[in-house]
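The following note is offered to a colleague who is about to examine this model. The points are numbered so that each may be checked against the coordinates in turn.

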Amino acid sequence: MGYNFIARVEGEGKVHIYIKDGKVSQVDIEISEAPRFFEYIVRGKKINYIPDIVSRICGLCGSSYVLVATKAFEKCLDIDVPEEIDELRKIIHLAERVKSHALHIFLLNLPDFLETHNTFEFRLANKDMFKDIMRFVTYSSNIMDLLGGRFHNVVNIKIGGIYKAFNEGEAAKILKFVEESIKLFKPLADFVLSLKPIPNDGLNRPHLLLSYENEYPHLSDEIVFSSLTDEERINIKDFEHIVHSEQKKGKNALLYRYKGSSYLVGPIARFNKAFSKLHGEVRDMLKSYDWLPPLRDVRQQIVARIAEMYDALLTMKEFFERYKKPDVTSVEKEFKLDVNKTTCVAAIEAPRGILYHRYAIDNQLKILECNIITPTAQNLASMEELSLEFLGKRFGDVVVNEAMARRFVEMIVRSFDPCISCSVHVYTLRY
């Protein structure tokens, strides 16, 4: 059986559940959204234009795209960005994490745990809470607008720094929005963390995340592979050599595997390995509801997202309480290419997991080639395999209930917060 869409996700996709002799034999997630050709659009263009171009790949995580592209070129050009500017760009990225997680948890994912069929039913059953949710989402959008010039696809980050630093008055306004957000967030977090039960059927896979020794995963040149028995460190330059992609019929997205196996990127990976890097207040809140690592099921990622939102809000509050306007002009300089560094690589922890960019550039600082690996594409194989695994456990020898099977698969897929539009990338056809 198949149906035409997956509801409450970003982008357009379909699910096909194959049943043979009364048993589920295969789950196939079709990525039907059309290719967007960004990796070709950037070719021949100077690097200055690239961060803003690639930010258009995603409205939800555009800051991640801008920042990772910017970082890739800054490493190539040996540009040192002042610490205060770099910290401000991190705050923009954390604000995006808050906004993205809020939209997913409260408007897309939460109805799954309350057995309401959609967001409209959830709103009717929880009118006062829904008002607070919409106020929180509005605050998070206002913060993005003030930090990045727009509430999505921000335009304040550039190679070498930022375009505009806020004055103290603007910073005070942002701080007020952050403080109001924290007040609204706490009862919403209490509600989510007290949900019982959040399923645990052991739907899990090995994790890939950026290095977490110095901070909760953000930007790094090192990737960590973590399973129940192994942990391996991988230089970001080797990423394309250790994850292998494949193009399958019915998907305008590639699937990725590590040593032949599917894996997970995103909140569950970050939470399970970097719990100790969260603020003490965040850890105390989670402990009061008996939520400690490791989370053992992808549907429990809603807990990790709550933790990440609170942690990001606290970091933003601390930043703006001690804010002093940095000197933006100090980072203006002419770009010069080191002839030995013509491949520019960087990775960032976007809301949904590792986002990897590689650019080959010429001596005119123009793009020759580009490869972008998105979190959703990396999670796609796990979505299919974990859906099949769950349906096998749930129905066993029992005749499959099609409506229930569809609902189970949708919940598993939604727990990844897939950004289908981002994931659309295909191999080059050669004749």
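1. Which residue does a disulfide join to Cys-76? The partner is Cys-344, with an S to S distance of 2.2 Å. The model is a predicted one, and the distance is computed from its atoms. By the rule applied, a pair of cysteine sulfur atoms within 2.5 Å, the count comes to one disulfide.

2. The geometry and placement of this bond deserve a comment. The torsion about the S-S bond of Cys-76 and Cys-344 is about -105°, so the disulfide is left-handed. Cys-76 belongs to helix 3 (residues 62–76) and Cys-344 to strand 11 (residues 343–350), so the bond ties together parts of the chain that are 268 residues apart in sequence.

3. Strand 11 leads to the sheet of which it is a part. Three strands, in the order 11-12-13, make up an open sheet with antiparallel pairing. Strand 11 and strand 13 (367–373) stand at the edges with a single partner strand each, so one side of each is left without a neighbour in the sheet. On average, neighbouring strands of this sheet are turned by 15° against each other, direction ignored.

4. Within that sheet, strand 11 pairs with strand 12 (residues 353–361) in the antiparallel sense over eight bridges. Ala-347 stands opposite Tyr-356 in strand 12. Helix 3 lies across strand 11, strand 12 and strand 13, and runs at about 145° to strand 11. Helix 3 thus has two links to strand 11 that the reader may wish to view together: the disulfide from Cys-76 and the packing across the sheet.

5. A second open sheet has three strands in the order 6-7-8, again with antiparallel pairing. Its edges are strand 6 (207–210) and strand 8 (231–235), each of which has a single partner strand, so one side of each is left without a neighbour in the sheet. From one strand to the next, the twist averages 25°.

6. Strand 6 and strand 7 (residues 222–226) run antiparallel and are joined by four bridges. Leu-209 stands opposite Val-224 in strand 7. Helix 9 (residues 267–274) lies across strand 6, strand 7 and strand 8, and its direction is at about 75° to strand 6.

7. A further strand pair is found early in the numbering. Strand 2 (residues 13–20) and strand 3 (residues 23–31) pair in the antiparallel sense over eight bridges, and Ile-19 stands opposite Val-24 in strand 3. The two strands form a hairpin with two residues between them. Asp-21, in the turn, has a positive phi of about 55°.

8. Turning to the helices, how are helix 7 and helix 11 arranged relative to each other? Helix 7 (residues 168–193) and helix 11 (residues 301–321) pack at an angle of about 155°, with their axes 9 Å apart. Angles over 145 degrees count as roughly antiparallel, and the two helices are therefore roughly antiparallel to each other. Helix 7 passes helix 11 in a left-handed crossing.

9. The residues at this contact can be inspected directly. Those of helix 7 include Ile-174, Leu-175, Val-178, Ile-182 and Phe-185, and those of helix 11 include Ile-306, Met-309, Tyr-310, Leu-313 and Leu-314. By class, the contact of helix 7 with helix 11 has 18 nonpolar, one polar and four charged residues. Glu-179 and Lys-186 of helix 7, and Lys-317 and Glu-321 of helix 11, are among the residues that meet here.

10. Helix 11 also packs against helix 4 (residues 83–114), at an angle of about 150° and with axes 9 Å apart. Helix 4 passes helix 11 in a left-handed crossing. The contact of helix 4 with helix 11 comprises 18 nonpolar, four polar and four charged residues.

11. The last packing to be noted is that of helix 12 (residues 375–395) and helix 13 (residues 402–415), at an angle of about 140° with axes 10 Å apart. These two helices are therefore oblique to each other, and helix 12 passes helix 13 in a right-handed crossing. Helix 12 contributes residues including Leu-386, Phe-390 and Arg-394, and helix 13 residues including Phe-408, Val-409 and Ile-412. The residues of this contact divide into eleven nonpolar, one polar and one charged.

Note on methods:
Residues numbered from 1 in each chain as written. Predicted model: local features only at pLDDT ≥ 70, side-chain atom pairs only at ≥ 80, totals over all residues. Heavy atoms only, no water. Axes fitted to C-alpha atoms, helices over the stretch in contact; angles between N-to-C directions. Parallel < 35°, antiparallel > 145°, perpendicular 65-115°, else oblique. Left-handed = near helix turned anticlockwise from the far one by under 90°. Contact = heavy atoms within 4.5 Å. Nonpolar A, V, L, I, M, F, W, Y, C, P; charged D, E, K, R; others polar. Pairing = 2+ DSSP bridges.
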